Amino acid sequence: MADNDIGTATRASGNGKGTTSAARSRSASRRSARSSNASEAEMKKQIAELKREVSRLNRMLSDQAEEAAHGWYQSAADRASSLYSGASHRASRAAKQLRTQAHSVSETVQQNPGTISTAVAIGGLFGVLMGLTIARSSQPDPDWFRRWQR
């Protein structure tokens, strides 16, 4: 306790080493606080700069992706358009050919009505005779029908 009183008395009177070291520690803590604030401000600046850089990179990547998607879409649209025009051209030619053939059949029917009506009548008669022949077959159930009933 006596040592403590002496140290306190010397510091209070201002003629001991305690006063100088306390002042030094206060100034050192102020300097470290200032340098800490400065380094913190510098770090904040660097973080803000990094954020700007990341956002710029994101915009650049987004633009590149958009350009690639637009190119792909344009390429697909061009291919679809060429396929459609090719199919349309082929369908147009086929329709034109069918019209020509139908027109020639129509002219033939108009020029020879008796011949066409006779051909249709003979074809109908042939179909009826085939149907009667098949209906009068000796086997009422075809063999394949019996196999599936087992």
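User: Why is Glu53 called partly exposed?

Analyst: The relative accessible area of Glu53 is 35%. Buried means under 20%, exposed over 50%, and partly exposed in between, with a 1.4 Å probe and protein chains only as cover. The value of 35% lies in between, so Glu53 is partly exposed. This is a predicted model, in which local features need pLDDT of at least 70 and side-chain atom pairs count only at pLDDT 80 or more, while totals for chains, interfaces and linings use all residues. Residues are numbered from 1 along each chain as its sequence is written, and side-chain values use heavy atoms, with hydrogens and water left out.

User: What makes the pairing of Arg56 with Glu53 a salt bridge?

Analyst: The term requires a side-chain nitrogen of Lys or Arg within 4 Å of a carboxyl oxygen of Asp or Glu. For Arg56 and Glu53 the closest N and O atoms are 2.6 Å apart, so the criterion is met. Both residues belong to helix H2, 3 residues apart, about one turn of the helix. Arg56 is itself partly exposed, at 38% relative accessibility.

User: How do you know that Lys44 and Glu40 also form a salt bridge, and where do they lie?

Analyst: Their closest N and O atoms are 3.7 Å apart, which satisfies the cut-off, so the pair qualifies. Lys44 and Glu40 are 4 residues apart in helix H2 (residues 17–111), and therefore about one helical turn separates them. Lys44 has a relative accessible area of 54% and is thus exposed, whereas Glu40, at 40%, is partly exposed. In total, the structure holds 2 salt bridges.

User: What makes the link between Thr108 and Ser104 a polar contact?

Analyst: A polar atom of the Thr108 side chain lies 2.8 Å from the backbone oxygen of Ser104. A polar contact is a pair of N or O atoms within 3.5 Å; within protein, one must be able to donate a hydrogen and the other to accept it, and residues adjacent in sequence count only if both atoms are side-chain atoms. The distance of 2.8 Å falls within that limit. Thr108 is located in helix H2 and is partly exposed, at 36%.

User: Why are Leu125, Val128, Leu129 and Leu132 called a nonpolar patch?

Analyst: Patch residues have over 30% relative accessible area and no salt bridge, and nonpolar side chains (Val, Leu, Ile, Met, Phe, Trp, Tyr) are joined within 5 Å. Leu125, Val128, Leu129 and Leu132 form such a patch on the surface, with about 390 Å² of accessible area together. Leu132 is in helix H3.

User: How do you know which helix has the lowest confidence?

Analyst: The pLDDT is the predictor's confidence in each residue, from 0 to 100. Its mean is lowest in helix H1 (residues 2–13), at 48, and highest in helix H3 (residues 113–135), at 90. Over residues 5–14 the pLDDT is below 50. Where pLDDT is low, the predicted coordinates should not be read in detail.

Definitions and conventions
Helices (H or I, at least four residues) and strands (E, at least two) are DSSP runs, numbered from the N terminus. Contact means heavy atoms within 4.5 Å. Patches are made of residues with over 30% relative accessible area and no salt bridge: like charges are joined within 9 Å, nonpolar side chains (Val, Leu, Ile, Met, Phe, Trp, Tyr) within 5 Å. Accessible areas come from the Shrake-Rupley method with a 1.4 Å probe; for residues, only the protein chains shown count as cover.
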